[in-house]
Amino acid sequence: IKIGDRVEIQQNREGERPKTHVSQVENKLDDGKIVLHVPISYGQLVELAKGIEYRFLFFTDKGLIRFGGVIEKHMDEDGFAVMLVKLSGNGERIQRRDFFRFACVLPVKFSLLDNVTMSEVDEDEVYQGIIKDIGGGGVCFLANESIDENSTLKLVIKLDDDILVVIGEVIQKHYFPKSNYRYQYRVGFIGIHPSEQEMIVQFIFNEQTRMLQKVNRNQHD
């Protein structure tokens, strides 16, 4: 674990899917404790409770490592809201099966693919929508076109200066007749390359960093 590594934090809760918070390593202390940025959600700092057990998933150069640990105190360090964390155990290396979903507003272009040949059904039929959240495993987006569940789509997504082109399967569809966008789709990526997943993870990290800097600037204005 090094300064600058991305961290996902979850509270240990039985019987329910825990909420995931994203943070970053700010400092490592000689006594083995670490300093993390206080997470933010929808532009607001999330002051996690002290003294209860959390799971900390670190994105390191050598893979994903998970620790248990507790937040000992909240602090202000060089104008940034941070928290002192004491980790427990030696860490567990894990394979990434589930991906944090980042709430955002991003344009997306999509077209329908043939489920067998994976070629575009009609090259002239390119639709547009708005992404609500994105992660390394898929997206949720809104559109006005009706697409069947289990359909295969080609998605073109602009992430900062990068263009991501991925294939996905429509896992879930919801209809909202009174909304500006009548349909909401949950799409899982198919055969996405690790470098493309890393592009998404880096985009999320950059956006979280920008949001954190904005929150801290507003607090000190």
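Q: In which strand does Ile-94 lie?
A: A strand is a run of residues assigned from the backbone. In this predicted model, Ile-94 belongs to strand 8, which covers residues 80-94.

Q: Is Ile-94 buried or exposed?
A: Burial is judged by relative accessible area, and the cut-off for buried is under 20%. Ile-94 has 18% relative accessibility, so Ile-94 counts as buried.

Q: Which residues is Ile-94 in contact with, leaving aside its neighbours within four places in sequence?
A: A contact here is a pair of heavy atoms within 4.5 Å. With those neighbours set aside, the contacts of Ile-94 are Leu-57, Leu-64 and Arg-66. A C-alpha separation can be read alongside this list: Ile-94 and Gly-63 are 31 residues apart along the chain, and their C-alpha atoms are separated by 8.0 Å.

Q: What share of the contacts in the protein chain with a separation of 6 or more comes from residues 24 or more positions apart?
A: Such residues account for 55% of those contacts. As for burial over the protein chain, 41% of its 221 residues are buried.

Q: How many helices and strands does the protein chain have, and what does its C-alpha trace span?
A: The protein chain contains one helix and 14 strands. Its C-alpha trace spans about 60 × 40 × 35 Å along the principal axes.

Q: In what order do the strands of the barrel that includes strand 8 run?
A: A barrel is read by following the pairing from strand to strand. Here six strands form a closed barrel in the order 1-2-3-8-7-6, and the pairing is antiparallel. With direction ignored, neighbouring strands of this sheet are turned by 45° against each other on average.

Q: How many bridges pair strand 2 with strand 3?
A: Strand pairing rests on bridges, and at least two are needed. Strand 2 (residues 20-28) and strand 3 (residues 34-37) have three bridges and pair in the antiparallel sense. Val-25 has Leu-36 in strand 3 as its bridge partner.

Q: And which six strands close into the barrel that contains strand 9?
A: That barrel has the order 9-10-11-14-13-12, again with antiparallel pairing. Its twist averages 45° from one strand to the next.

Q: How is strand 10 joined to strand 9 and strand 11?
A: Strand 9 (residues 102-113) and strand 10 (residues 127-135) run antiparallel and are joined by seven bridges. Val-108 is bridged to Gly-129 in strand 10. Between strand 10 and strand 11 (residues 138-143) there are five bridges, also antiparallel. Opposite Ile-130 stands Leu-142 in strand 11. The link from strand 10 to strand 11 is a hairpin through two residues.

Q: What does the hairpin between strand 12 and strand 13 look like?
A: To read a hairpin, look at the paired strands and then at the turn. Strand 12 (residues 152-159) and strand 13 (residues 162-175) pair antiparallel over eight bridges. Ile-157 has Leu-164 in strand 13 as its bridge partner. Two residues lie between the strands, and in the turn Asp-160 has a positive phi of about 55°.

Q: Which bridge partners do Ile-167 and Tyr-175 have in strand 14?
A: Strand 13 pairs with strand 14 (residues 183-190) in the antiparallel sense over eight bridges. Ile-167 stands opposite Ile-190 in strand 14. Tyr-175 is bridged to Tyr-183.

Q: How many cavities of 30 Å³ or more are there, and how much space lies in the largest cavity?
A: Rolling a probe the size of a water molecule over the atoms shows where empty space is left. The count is two cavities of 30 Å³ or more, and the largest cavity holds about 90 Å³ of space.

Q: Which elements give two or more residues to the lining of the largest cavity?
A: They are strand 2 and helix 1 (194-220). Helix 1 gives the most, with four residues. Residues lining the largest cavity include Val-22, Ser-23 and Gln-24, as well as Phe-205, Gln-208, Thr-209 and Leu-212.

Q: How many nonpolar, polar and charged residues are in the lining of the largest cavity?
A: By class, the lining has six nonpolar and five polar residues, with no charged residues.

Methods. Residues numbered from 1 in each chain as written. Predicted model: local features only at pLDDT ≥ 70, side-chain atom pairs only at ≥ 80, totals over all residues. Heavy atoms only, no water. Buried < 20%, exposed > 50% of the residue type's maximum accessible area, 1.4 Å probe, protein only. Axes fitted to C-alpha atoms, helices over the stretch in contact; angles between N-to-C directions. 1 Å grid on protein atoms, 1.4 Å probe; cavity = no way out; pocket = protein on both sides within 12 Å on 5 of 7 lines; lining within 4 Å. Points joined across faces, edges and corners; volume = space filled by probe spheres on them. Nonpolar A, V, L, I, M, F, W, Y, C, P; charged D, E, K, R; others polar.
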